[in-house]
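Biologist: I am new to this structure and would like a close look at one part of it, an open space that the chain leaves between its elements. Please describe what lines that space, follow one of the elements beside it, and then set the part within the rest of the chain.

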Amino acid sequence: MIFPAWAAATPELVPGEDMIQAVALNGVGFNLARALGPALGGFVMAAAGAAAAFTLNALGFLALLWALVAWRRPMPPRSHLPPERLPSAVRAGLRCAIAVPAMRAAILRACAFFLFASAVWALLPLVVRERLELGPAAFGLMLGVAGAGAVAAGVAMPMLRERLPQGRLVFFASLLAYAATALLALASHWAPAAAAMLLFGAAWLVAGSTLGVAAQLTAPAWARARALGVYHFAFFGALALGAALWGWVGTRWGVPMALSLCAGTGAIAAAVVRPWRLDGAAPGTAGSRIKALPSIPLPRPKRPASTLADLLHEDSRRVLEAVHYRIDPADRDAFVAAMGEVRHVRMRAGALVWRLYEDVAEPDRWTELWAVESWTEHLREATRLDEADRAALAHAAAMHKGDEPPKASRHLNVNP
């Protein structure tokens with residue numbers, strides 16, 4: 001529950017140009033804590049017992065609580081709309097995560113990476129105990145070496161980021177992680193095993209932080225925590241499923257065979273998901289391309305205000321929205337391409353379904369249709385658009401011919 005909120009807060013703490021390095025630095029801290037925490041916990045347990053170790057762990061959260069209380073976060077302006085209800089908010093977050101292509105790619109590639117990379121964390125204790133015939137101290141050493149690899153990768157991230165796009169960076173980091181997994185499967189001495197963990201720690205940080213940045217930068221601000229919740233659900237779900245899968249394979253065919261199979265199939269999976277691109281513009285970065293383009297006004301209601309108040313509220317039925325365009329047939333291909341981006345905008349803003357129709361009899365007439373859950377969800381659409389979204393909508397509207405702007409209409413679902 002804490003990870004999506006934690007990740008969603010990062011863009012509010014650092015400027016956009018520092019986001020990737022901030023996420024990498026957070027990963028360095030995470031890996032350092034994972035390496036030093038067990039050693040500190042073991043020392044406290046040996047000195048004062050398990051109760052003292054857990055008490056110290058609980059007290060450690062006081063520092064985090066103090067930081068959150070002391071954070072003077074700028075409060076966004078209050079909305080006149082009612083608060084979102086939990087089920088509809090969850091559905092809107094899921095739709096947003098699915099509608100953003102780069103977010104879908106980040107989720108898919110995270111599943112592909114962590115499903116296989118989980119084998120190392122799941123089977124490392126058995127490698128140390130059975131393959132290397134060493135004890136807990138050596139296991140702590142392996143975790144420390146992995147943490148050192150992550151720190152080194154964090155230092156090198158700015159240089160790597162300048163030379164490789166996000167997708168290729170994740171791909172090469174995945175191959176490095178699976179090469180390290182194969183080396184760990186073959187290791188019968190602590191030295192090659194430590195080298196494998198050093199490489200694996202570096203690859204883990206590079207791939208994990210790059211995927212996390214891709215998810216954070218592509219999620220719109222209004223749904224960032226919800227979309228990141230979907231991403232982390234996939235991330236931790238893949239870790240849990242992978243640990244169970246490779247543990248079962250290790251039980252049947254042995255730990256070295258499980259790690260070897262993981263390395264081979266993981267490399268294949270990395271190649272299969274590589275076409276899904278992580279590189280997408282951050283929200284709000286493309287709005288300056290198109291300026292002063294026409295907007296589509298709301299239709300003027302002809303019903304009495306009292307009747308509208310009875311019909312249009314948070315519990316109203318599904319709302320169908322339509323925009324009618326007149327497009328020069330010579331601009332057909334350009335309009336269809338522009339409406340492809342409009343589809344992404346509508347889906348990111350909460351649309352349940354979106355369609356584009358061409359008039360059979362009159363080829364210059366087009367109708368865009370989309371549906372939202374309720375009238376309140378329709379009102380929220382405008383608050384969920386950033387500059388790039390408005391520019392995409394205005395770009396499509398600018399292709400409309402005639403003195404009047406495209407005609408918009410809103411329709412409330414009625415059960416006969």
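Modeller: Helix H9 is the element that gives the most to the lining of the second largest pocket, with 3 residues, and this pocket is the part I will follow. The model is predicted, so local features are described only at pLDDT of at least 70 and side-chain atom pairs only at 80 or more, whereas totals for chains, interfaces and linings use all residues. Residues are numbered from 1 along each chain as its sequence is written, and side-chain values use heavy atoms, with hydrogens and water left out.

The second largest pocket has a volume of about 1100 Å³, a volume being the space filled by probe spheres set on grid points joined across faces, edges and corners. A pocket is an open set of points on a 1 Å grid over the protein atoms alone, with protein on both sides within 12 Å along at least five of seven lines, while a cavity is a set where a 1.4 Å probe fits but cannot get out; lining residues have an atom within 4 Å of a point. Thirty residues line the second largest pocket, and Pro76, Ala221, Trp222, Ala223 and Arg226 lie nearest its centre. Two or more lining residues come from each of H1, H4, H9 and H13, where helices are DSSP runs of H or I with at least four residues, strands are runs of E with at least two, and both are numbered from the N terminus. By class, this lining has 17 nonpolar, 3 polar and 10 charged residues (Ala, Val, Leu, Ile, Met, Phe, Trp, Tyr, Cys and Pro are nonpolar, Asp, Glu, Lys and Arg charged, and the others, Gly among them, polar).

Of the elements beside this pocket, H4 can be followed residue by residue. Helix H4 covers residues 86-99, and its 14 residues reach 20 Å from the first C-alpha to the last, close to the 20 Å expected at 1.5 Å a residue (the expected span is 1.5 Å times one less than the number of residues). Its buried residues are Ser88, Ala89, Ala92, Gly93, Arg95, Cys96, Ala97 and Ala99, where buried means under 20% relative accessible area, exposed over 50% and partly exposed in between, with a 1.4 Å probe and protein chains only. These buried residues pack against H5 (101-131), H9 (224-253), H12 (332-348) and H13 (375-383), so H9 and H13 take part both in this packing and in the pocket lining, given that contact means heavy atoms within 4.5 Å.

The largest pocket also draws on H9. About 1800 Å³ of space lies in it, and its lining of 50 residues has Phe3, Trp6, Asn26, Gly29 and Phe30 nearest the centre. Two or more of the lining residues come from each of H1 (2-13), H2 (19-48), H3 (50-70), H8 (190-218) and H9, and H2 supplies the largest share, 16 residues. The lining of the largest pocket divides into 34 nonpolar, 15 polar and 1 charged residues. Between H1 and H2 there is a loop that holds Val14; Val14 is partly exposed, with a relative accessible area of 25%, and it touches Met19 and Ala22 when residues up to four places away in sequence are not counted.

Closed spaces are present as well, with 2 cavities of 30 Å³ or more. The largest cavity holds about 60 Å³ of space, and its lining includes Arg109, Phe113, Phe171, Tyr178 and Val273. H5, H7 (166-186) and H10 (255-273) each give two or more residues to this lining, and H7 gives the most, with 4.

Farther along, Glu133 lies in the loop between H5 and H6 (136-163) and has a positive phi of about 55° although it is not a glycine. Glu133 is exposed, at 67% relative accessible area, whereas Glu321, in strand E1 (residues 319-326), is buried at 1%. Glu321 and His411 are 90 residues apart along the chain, yet their C-alpha atoms are separated by 6.2 Å. Taken whole, the chain has 14 helices and 4 strands, and 42% of its 416 residues count as buried.
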